Amino acid sequence: MTTRPTYIIGHKNPDTDSIAAAIAYQYLKAKMEDGIFIASRCGNVNSETQYVLDRFGFEAPRFIGDVRTQVRDMEMRKIPGVSEEMSLKRAWEIMKENKVVTLCITEGKQLKALITTGDIMESYMGSYEANTLSAAKTSYRNIVDTLDGEMVVGNIDDVQTEGKVMIGAGTPDAMEKLIAPHDMVILGDRYESHFCAIEMDADCIIVCAGSPVTESIRRLATEKGCKIITTPHSTFTVARLIYQSMPLRYFMKSEDLLTFKMDDIIEDVLPIMASTRHRYFPVVDSVGRYKGMVSRRNFLGVSKKKVILVDHNEKSQAVNGIESADLLEILDHHRLGTIATTRPVFFWNQPVGCTCTIIHRMFWEYGIDIPKDVAGLMLSAIISDTLLFRSPTCTEADRQAGEELARIAGVDPEELATSMFTAGSYVGDKSADEILHQDFKKFTVGAHAIAVGQISTMDDNEISLIRDRLAPEMNRLRERDGVDMLFFMITNILKESSEVLFSGTSAEMILENGFNITSKDHVSIYLPGVVSRKKQMLPTITSTIEMS
């Protein structure tokens with residue numbers, strides 16, 4: 001059985017720390033343990049983070065929008081798709097070999113139709129007209145294969161498109177009255193019957209019981225364009241088998257197929273399975289390519305996705321479906337949030353400025369060297385979260401980690417910070433929505449849902465541009481995000497201050513009471529000395545709401 005991967009994933013609307021921590025911890029875990037560890041994200045990469053990824057040569061982590069168990073997490077039967085030209089007999093044999101009751105019919109890689117044992121049994125029990133073989137446009141290759149025969153005259157790739165099937169059991173005089181042009185005639189070993197069928201313009205004669213075919217009959221058949229098939233089976237057996245040579249296309253179901261997609265959620269699939277009589281269900285990808293089959297039995301041993309969370313422990317910030325995942329670890333530097341677990345997990349929560357500071361400590365404790373590119377990524381995260389060590393969240397551990405990572409990466413922290421923050425604060429043609437959600441987190445405070453976004457810059461002109469673009473949209477964005485209060489910090493790193501835009505019935509009052517400053521325009525408030533969302537902004541808002 002294949003090893004299930006563990007997804008290392010940060011919060012929604014990921015910032016540089018969230019992305020860098022996932023990548024760095026993936027590297028560390030792969031060095032420490034056997035297994036598959038995948039750095040992931042559940043939101044778009046912002047401009048600052050993309051600059052850092054490009055600078056140190058990393059791809060953005062894989063996007064994972066939901067960690068609930070999906071069809072792709074189940075054990076699938078990888079039975080190859082079959083051609084619609086395959087015979088009923090061969091399809092039946094494949095079903096018996098694989099102990100399945102359904103085959104998927106594909107064209108290229110696309111799922112086209114289904115055939116079940118029920119369909120085949122129904123075809124066996126049915127009553128056929130004499131021209132059914134030609135009506136189904138049955139290939140001679142199917143006929144030869146079904147009869148375990150050999151085509152001694154004619155082209156095996158031709159198709160029977162006209163005429164009926166009949167048994168030539170009578171005298172030549174009687175056969176002349178029954179055989180019509182293009183018929184297929186099942187015969188024994190009588191020379192005169194072979195001769196008569198060919199002379200009556202039959203398209204094919206089937207000679208049974210391994211009987212020999214004379215050279216003169218072969219020459220006559222070649223001249224008249226009549227095919228000759230020999231088979232070891234008796235006339236009775238051939239008459240019984242021949243209709244099993246018809247192609248699946250004549251019986252398959254191609255409309256209203258019940259299929260599941262690889263990304264379908266198990267919780268959504270189970271009720272559909274329970275409401276149908278089918279035992280096997282085809283699985284396709286997002287563009288309809290056949291991937292395998294699942295049955296009800298496959299659900300019994302299905303496993304939850306394994307997840308490690310970094311840089312958060314709030315359910316509102318976590319990837320969708322986290323409550324249904326197998327949560328193994330949490331690495332974070334924020335307040336304790338709302339994620340609950342069904343069993344103990346490895347939980348490293350430390351009051352430092354950045355998750356990558358914690359991961360730096362783990363590298364040191366486990367005695368694993370940090371590669372130059374990973375060091376540059378982690379340094380960028382610490383610079384971002386601590387605002388180049390100016391934020392009140394910054395600790396001595398952050399400074400020491402930053403110094404060592406800068407040495408390993410061969411990077412000047414001041415130059416890196418300037419480049420990062422310039423890339424992150426450049427608004428260009430970004431919409432208000434894009435600016436708000438570059439670094440955006442939701443929190444639950446009592447009965448209130450609040451959200452706090454932040455952008456950092458070293459440029460006064462950028463602050464004005466951001467304010468002018470975002471301020472008129474704050475009410476709309478708050479309603480769209482479904483929160484009671486929305487705050488957005490435009491932080492000036494050099495002046496160590498923030499202008500805070502706000503929206504919501506009580507938002508202005510909460511800010512004024514919490515920071516003891518009056519808003520001048522009822523749109524924003526200027527907060528000197530306030531640069532940290534985690535240590536200054538959120539605690540003040542939380543305590544003010546709880547006291548109001």
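For the charge count used here, Lys and Arg are positive and Asp and Glu are negative, while His and the chain ends are left out. On that basis the protein carries 60 positive and 76 negative charges, and the mean positions of the two sets lie 4 Å apart. The model is predicted.

**Whole chain**

Start with everything selected and a cartoon view. The protein has 20 helices and 23 strands. Its C-alpha atoms fill a box of roughly 115 × 50 × 45 Å along the principal axes. The radius of gyration is 36 Å, whereas a compact globule of 548 residues would have one near 24 Å.

Switch to a surface. About 25,000 Å² is exposed, and carbon and sulfur atoms supply 49% of that area. Of the 548 residues, 51% count as buried. Among contacts with a separation of 6 or more, 62% are between residues 24 or more positions apart.

**Helix 3**

Select residues 88–98, which form helix 3. Which residues of this helix are buried? They include Leu88, Lys89, Ala91, Ile94 and Met95. Now move just past the end of the helix to Lys99, where phi is positive, at about 55°.

**Cys356**

Select Cys356, which belongs to helix 12, residues 355–366. Is Cys356 buried or exposed? Its relative accessible area is 0%, so Cys356 is buried.

Show what surrounds this residue. Leaving aside neighbours within four places in sequence, Cys356 is in contact with Asp17, Ala20 and Ala21, and also with Met378, Ala381 and Ile382. Then add Leu257 to the selection. Leu257 is 99 residues from Cys356 along the chain, and their C-alpha atoms are separated by 49 Å.

**Salt bridges**

The structure holds 32 salt bridges. Three of them are visited below.

Select Asp433 and Arg480. Their side chains meet in a salt bridge, with an N to O distance of 2.1 Å. This pair links distant parts of the chain: Asp433 is in helix 16 (residues 432–436) and Arg480 is in helix 18 (residues 474–481), 47 residues apart. Arg480 counts as partly exposed because its relative accessibility is 48%, and the cut-off for exposed is over 50%.

Next, select Asp183 and Lys164. How far apart are N and O in the salt bridge between these side chains? The distance is 2.5 Å. This pair also links distant parts of the chain, with the two positions 19 residues apart. Asp183 sits in the loop between helix 7 (172–178) and strand 10 (184–187). Lys164 sits in the loop between strand 8 (159–160) and strand 9 (165–167). Asp183 counts as buried, at 2% relative accessibility, whereas Lys164, at 26%, counts as partly exposed.

Last, select Glu33 and Lys29. Their side chains form a salt bridge with N and O 2.6 Å apart. Lys29 is buried, with a relative accessible area of 3%. Glu33 has a relative accessible area of 36% and is therefore partly exposed.

Keep this pair on screen and add Glu329. Salt bridges that share partners join Lys29, Glu33 and Glu329 into one network.

Key
Residues numbered from 1 in each chain as written. Predicted model: local features only at pLDDT ≥ 70, side-chain atom pairs only at ≥ 80, totals over all residues. Heavy atoms only, no water. Helix = DSSP H or I, 4+ residues; strand = E, 2+ residues; numbered from the N terminus. Rg over C-alpha atoms; globule rule 2.2 N^0.38 Å. Buried < 20%, exposed > 50% of the residue type's maximum accessible area, 1.4 Å probe, protein only. Contact = heavy atoms within 4.5 Å. Areas by Shrake-Rupley, 256 points an atom, 1.4 Å probe, with all protein chains shown as cover. Charge placed at Lys NZ, Arg CZ, Asp CG, Glu CD. Salt bridge = Lys/Arg side-chain N within 4 Å of Asp/Glu carboxyl O.
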